Amino acid sequence: MEKLKDNLIQIFLLLTFIALGAACSVKPEPIVYGKDNCHLCKMTIMDKHFGAEVVTTKGKIYKFDDVNCMINFLNSGYLEERDVAHKLVIDFSQPEKLIDAPLAFFIRSPEIRTPMASQVASFETNESKNEYNQQWKGIYLTWGELTTQFK
Amino acid sequence: MKYTLLHITLIVTLGWTYAQPSRLTVQPNGKIATITQAIALADAGDTILVKPGTYREGNILINKSLVLIGESKPVLDAEFRHEVITVKARHVTISGFKIINSRVASMHDPAGIGAVEADFLVVRNNELVGTYFGIHVSNSNHIKVVDNALRAIVRSDHETGNGIHLWQCSNAVIKNNFIHGHRDGIYFEFVTNSVIDGNVSEGNLRYGLHFMFSNDDDYTNNTFKDNGAGVAVMYTKNVKMVNNRFEKNWGTSAYGLLLKDIRDSFVENNLFDQNTIGIYMEGTSRTSFKNNVFSKNGWAIKLQASCDDNVFSENNFQSNTFDMVTNGTMVLNTISHNYWDKYQGYDLNRDGIGDVPFRPVNLYAMIVERIPTAVLLWRSFLVFLLDRAERIMPAVTPENLKDDFPRMKPYDFNL
């Protein structure tokens, strides 16, 4: 009987930790197109080729419809740089897929029509970037260069 | 000598015939059976009359100044494989067609009628059904889109383009159209000096009307109903919004009108009825809100602290859950001479103006703004007590957000 009680307590503790662990996870979550709103410009996020997300170290998630909304938000001073756990963007060639923004490849061209007119598309791989850019002939930017574009 | 004379006669006759616009008739089983064929035969300035029937010609490219008239709505069907009509010429008129089944694509924007560099385009009295984008115009001036009906059919989730989409245009007139089921009913990006009048935009997934970076435009006499949200006006200046109806835009964070970073504009004589939020405004300056009716909204106005120099006067606020809410204590806007149905003051000198100021922001609205779940306590006795206490000694609500001249009776705007 005593043993069973111990077991129950253990199970209970385990479950609590799992629940707490889930609540505190700092994982990105997918953007729900047609439902989520951009945190900065308030527009409903609709275009599956574009979008961005910031996850804080406490697990709070901010979603954006275009990369310039995310950059303007990061520049606004609302969050401290050290509180940001993830900065993510959508891969243009794989709609709805979030990729790590600082490692992504960016193209800026007036040919690219984005929700908030950033004219920027992002890619996970250099190959897909080059493939799409054959038609746009835009300029290639890294994350560091891109962030200076929207100051 | 003989030859020269003949030559001159020939040249004169040819020139004469060339100058006279001719008329070509397209008829199934006729001499000219397809519109594409007629366009190839026509000269600039000609009229092409299309007899009733169904025309499946893939993409119809209009590359010279022509007038296309459909008789009893002939059907142009692109069978989901192409853009239906593409215009790449100035002075083109398209009137009286039923345009159906354009291709659905996310990389390009196939439309029922797509136009590029098509100044003086007229699109009148057409019916567009099941097109991805309805009418998509870019880099064109002086265009007219009048009396059209657009009905999108959404196949998979949210895979639909905008109804009437203008990009980098000026001097456009969008009048008396009906738009249903698109992403945005009407979408303006970099469009200036244009007029949107008398349209009905309803049941669209995102906005009834959407402005981005489009200055000096007017929209008047339109109805925006049952959209994801009514109208969004963003990053724009000098927009006149007069005589419109914003109705039943319900849903989490839905609104009748979203104003984001706009200035020097006018919101007058409009009706905001049964929206979650009547007007949501952020970064809005020097804008006049006059003679509007706000009725049965969740929040009539959400005025973010980033707004300044706006004037709210002579409006009716009736049966809203909350009249106004803000997220800061600084108030740099003028509020006066409005009618508030929640006003409980008195008018001893009988001048029609209440003798004590009205504070449209209540404590509870401020709490809900910060802690959305607190809405559960709405209409509880505790909240009632807190609210009364706050009215006597304001602590959370902005001290100077008040109407010093609240009107005792509603205005009669006949909206």
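This is a short tour of a predicted model, moving from chain A to chain B. Residues are numbered from 1 along each chain as its sequence is written, and chains are lettered from A in the order in which they are written. Local features need pLDDT of at least 70, side-chain atom pairs count only at pLDDT 80 or more, totals for chains use all residues, and side-chain values use heavy atoms, with hydrogens and water left out.

**Chain A, whole**

Select chain A and colour by secondary structure. Four helices and seven strands should appear; helices (H or I, at least four residues) and strands (E, at least two) are DSSP runs, numbered from the N terminus. Their order from the N terminus is α-β-β-α-β-β-β-β-α-β-α. Of the chain's 151 residues, 42% are buried, meaning under 20% relative accessible area, where exposed is over 50% and partly exposed is in between (1.4 Å probe, protein chains only).

**Helix α2 of chain A**

Next, select residues 67-75 of chain A, which form α2. Show the side chains of Val67(A), Asn68(A), Cys69(A), Met70(A), Ile71(A) and Phe73(A), which are buried. Elements covering them include the strands β1 (52-56), β2 (61-64), β3 (84-90) and β6 (120-123), along with helix α4 (143-149). Step just past the end of α2(A) to Gly77(A), where phi is positive at about 80 degrees.

**Strand β2 of chain B**

Move to chain B and select residues 47-50, strand β2. Thr47(B) and Leu49(B) point to one side, Ile48(B) and Val50(B) to the other, and all are buried. In a regular strand the side chains alternate between the two faces of the sheet.

Now add residues 23-26 of chain B, strand β1, which pairs with β2(B) in the parallel sense over four bridges; two strands pair if DSSP finds at least two bridges between them. Arg23(B) lies opposite Thr47(B). Add β5(B), residues 67-70, which runs parallel to β2(B) and is joined to β2(B) by four bridges. Here Val50(B) faces Gly70(B).

Then show helix α2(B), residues 35-41: with β1(B) and β2(B), this helix makes a right-handed β-α-β unit. With the strands pointing away from you, the path from the first strand over the helix to the second runs clockwise.

**Last stop: a leucine on the surface**

Finally, select Leu377(B), in the loop between α3 (363-370) and α4 (381-392) of chain B. Is Leu377(B) buried or partly exposed? Leu377(B) counts as partly exposed because its relative accessibility is 43%.

Key: Contact = heavy atoms within 4.5 Å.
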